[in-house]
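Dear colleague,

I am handing over the structure below for your reference. Please look through it before reading the notes that come after it.

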Amino acid sequence: MYGKGILKGLGVTLKHFVETYVDDFRRGRKRYGTREGVEYRSSKDVSGLFTVQYPEEQLIIPEEFRFVPFLVYDEGENGEREIRCTSCGICAKVCPPQCIWIHRSEDPKTGRPVPEPAEFYIDIDVCMNCGLCAEFCPFDAIIMDHDFELAVYDRHSNNIYDKEKLLKPASYYQKIRPRNYAAQEKIRQEKAAKKAARARK
Amino acid sequence: MTDTTLVAEHPLLERFPEGVTPDERKGYEGFIVAADRLVEFATALRDEFGYDYLSSVTGVDYLPDGKMEVVYHAYKSTGGGALVFKVQVPRENPVVPSLVSVYPGADFQEREAWDLLGIRFEGHPNLKRILMWEGFAGHPLRKDWKEAYFEEEKKPFGSRWPGGAVHRAEDENPFGKNVVYPPDFDPEKWTPVGDEALYAGLREFKKDDDLKTEQVVVNLGPQHPSTHGVFRMVVTLDGETVVRLEPVMGYLHRNHEKIGERNTYLMNIPFTDRLDYLSSMSNNWGYVQAVEKLLGDKIQVPERAEYLRVIMAEFTRIVNHIFAIGTLLNDLGAYFTPMLYALEERELILDIFEAVSGSRMMCNYFRFGGVARDLPPGVYEKMRDLVFERLPRKIDELDRYLTENEVVRARCEGVGVLTPEEAIAFSAAGPVLRASGVPYDVRRADPYGIYDRFEFDVAVRYHGDVYDRYLIRLDEIRQSIRILQQALDQLPEGDVIFGSPKYSMRVPAGEAYGRVEGPKGELGFYVVSDGSANPWRYHVRAPSFINLTALSRMCEGDKVADAIIILGSIDIVLGETDR
């Protein structure tokens with residue numbers, strides 16, 4: 001029969017259409033506006049409406065998600081910031097679009113380099129979010145962020161991030177990437193223990 | 001790499017005692033052919049030795065030696081390794097005979113080599129710029145060509161560290177001063193060369209026809225939703241029938257290959273993501289494979305990483321094909337419903353990519369000697385759910401939804417036919433080639449990675465029309481699911497990368513051509529190393545670019561509305577076409 005294929009196809013569309021209402025009815029209010037609802041809508045079991053209503057709702061961001069790097073500092077006992085970066089320059093060397101600028105500190109008396117950056121800039125207009133800087137940083141000092149809502153009215157005055165704007169505490173790092181943080185913290189502690197053991201000898 | 005003794009005793013050398021010599025440079029392979037014997041050599045290669053498929057044509061600028069080299073990679077359409085041959089010409093006046101008469105698939109690639117490197121191909125029927133425009137000064141891939149604001153020869157740039165003073169490239173390179181025109185060129189008075197010819201059809205009358213018809217030239221694109229990006233087709237119409245079609249491209253050109261030559265090897269991986277941005281994982285693989293070939297035994301990919309590579313590449317294929325089917329239906333006028341059904345499944349797979357690699361589309365997941373990181377907890381289960389449960393069900397649904405639809409069949413069957421002989425001659429690749437009845441799949445014909453361990457069929461269809469190019473994508477999705485099921489079942493434990501990752505490395509001098517079966521066809525990367533930290537030459541054999549060579553042949557004689565779906569059935573991504 002001519003037209004059978006079209007009818008069969010329309011059957012599929014109709015099924016999708018009916019499922020939307022059935023699913024709304026079955027899941028009730030929890031389907032929209034809750035984390036559970038968003039999780040359901042990005043799972044294999046989803047049927048019916050699929051879309052996530054940004055900005056009221058947001059997709060759940062996985063831990064590995066990467067968007068524009070930031071610099072990590074540890075909070076000292078008296079609240080001072082201990083910047084992890086030693087300005088070794090590996091991130092600036094590995095950066096594919098070359099959007100990282102580091103000005104190394106120098107001891108004013110001896111003129112020798114001090115392991116801390118005097119200035120640190122990232123041009124986030126140029127940054128391609130590849131994550132290589134974070135991947136190759138030997139001190140876990142530069143980490144990819146999860147914050148992607150960076151729209152501004154004037155990119156010329158806003159989008160070159162300096163050291164102040166890039167610095168975020170280690171507790172924030174722990175919050176957005178708990179698994180990575182725990183793994184790196186373990187390695188750091190092992191290294192510190194080894195160092196202490198060597199110092200005792 | 002071919003064995004040097006094999007090359008020295010190759011029957012080709014007996015057939016051509018003069019004018020053909022083995023390439024004896026260290027790390028290089030194949031033959032060097034004298035320019036005046038080239039056409040004869042290629043004809044013999046095709047007709048007597050069975051190398052009927054010319055995969056890649058590109059040029060290399062050996063500035064220190066004062067030479068230009070054109071490199072050809074030919075294959076047998078029945079499978080097997082490459083036969084590489086080269087022509088060397090002086091750099092000042094590089095003239096090489098064109099091979100379009102032997103391999104029509106060389107057409108666009110020779111035009112590209114002329115455009116970017118300034119190698120003139122004698123006898124080419126239409127040798128004009130293809131990616132740049134006529135108002136462009138110079139040939140940008142030449143080693144002595146510098147862009148308007150040129151900071152340094154190679155990355156990393158010295159200004160970034162240790163005394164990094166921030167600046168914006170656009171401040172150094174203000175608008176109006178960043179353009180150089182060729183001498184005697186005035187953009188105000190310029191009319192494109194060849195446009196006269198393009199529009200000449202307007203005045204063309206068929207005198208002997210009873211019915212007086214007039215031909216009309218129509219520009220489809222560059223701003224046209226059906227061209228999948230900024231792509232232009234100049235169509236000469238007789239009534240509604242396409243008489244001639246010329247694709248015009250390059251609107252998205254960014255000199256990807258030059259960027260790649262200034263990058264270090266590692267930096268190129270995220271840049272390959274941006275070629276065919278729908279299938280970044282396959283792009284990564286092609287490039288990484290070429291560099292791993294150069295590295296040779298210095299690097300071994302661990303088992304688990306091999307499996308992860310296959311898993312990601314096959315997921316990419318599903319993502320790409322399902323999206324291609326969706327957009328093809330859009331082109332047919334089935335406004336957005338099939339497209340959105342396709343996007344649902346794509347979205348679930350992109351969730352997996354995001355969890356594993358950190359990004360939905362710009363994955364940057366492959367590394368030399370493995371992959372960037374292992375699967376985070378929970379992802380393996382998610383992949384299993386998709387592959388064993390949801391995807392097979394949803395693909396069947398898509399099949400039920402579209403395949404027998406009478407409108408789809410009436411529009412697609414018998415439209416845009418490409419015969420197997422033409423498909424091979426035009427160097428078509430991927431689904432376009434296989435829908436024309438040539439069962440050629442790099443995963444089987446020249447296996448890479450661990451594809452020889454999996455059981456799957458090379459999908460093939462025999463009509464070579466749009467409908468078959470739709471069906472073949474469904475077939476391939478099913479085969480990909482089959483591979484994925486085996487790979488997920490067999491996935492071993494272990495490391496995912498060889499040794500500790502290094503951010504800077506030296507690659508032994510030589511050349512390598514890595515090719516993978518990307519979702520759009522054979523994706524090849526030709527890399528030449530001079531032993532330093534940056535590649536000397538980095539060329540992409542882009543399937544969506546080369547598949548377009550056959551576009552005009554497919555469209556001739558069909559209706560103008562069919563040109564849209566024929567383009568849709570080739571499935572191009574302009575990021576890769578224009579590079």
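The notes below take up chain A as a whole and then a sheet in chain B.

Please bear in mind throughout that this is a predicted model.

Chain A contains 8 helices and 7 strands. Its overall dimensions may be the best place to begin. The radius of gyration of chain A is 25 Å, whereas a compact globule of 201 residues would have one near 17 Å. Along the principal axes, the C-alpha atoms of chain A fill a box of roughly 90 × 45 × 35 Å. Of the 201 residues in chain A, 24% are buried. Among the contacts in chain A with a separation of 6 or more, 64% are between residues 24 or more positions apart.

In chain B, I would draw your attention to an open sheet of 3 strands, arranged in the order 8-11-12 with antiparallel pairing. Its edge strands are strand 8 (215–220) and strand 12 (241–248) of chain B, each of which pairs on one side only. From one strand to the next, the twist averages 20 degrees.

The pairing of strand 8 with strand 11 (residues 232–238) of chain B is antiparallel and comprises 6 bridges. Within strand 11 of chain B, Val234(B) is the residue that stands opposite Asn219(B).

A helix accompanies this sheet. Helix 20 of chain B, residues 560–570, lies across strand 8, strand 11 and strand 12 of chain B. The helix runs at about 150 degrees to strand 11 of chain B.

With kind regards

How values were computed:
Residues numbered from 1 in each chain as written. Chains lettered and ligands numbered in written order. Predicted model: local features only at pLDDT ≥ 70, side-chain atom pairs only at ≥ 80, totals over all residues. Pairing = 2+ DSSP bridges. Helix = DSSP H or I, 4+ residues; strand = E, 2+ residues; numbered from the N terminus. Axes fitted to C-alpha atoms, helices over the stretch in contact; angles between N-to-C directions. Contact = placed C-beta atoms within 7 Å. Rg over C-alpha atoms; globule rule 2.2 N^0.38 Å. Buried ≥ 20, exposed ≤ 12 C-beta atoms within 10 Å, placed from the backbone.
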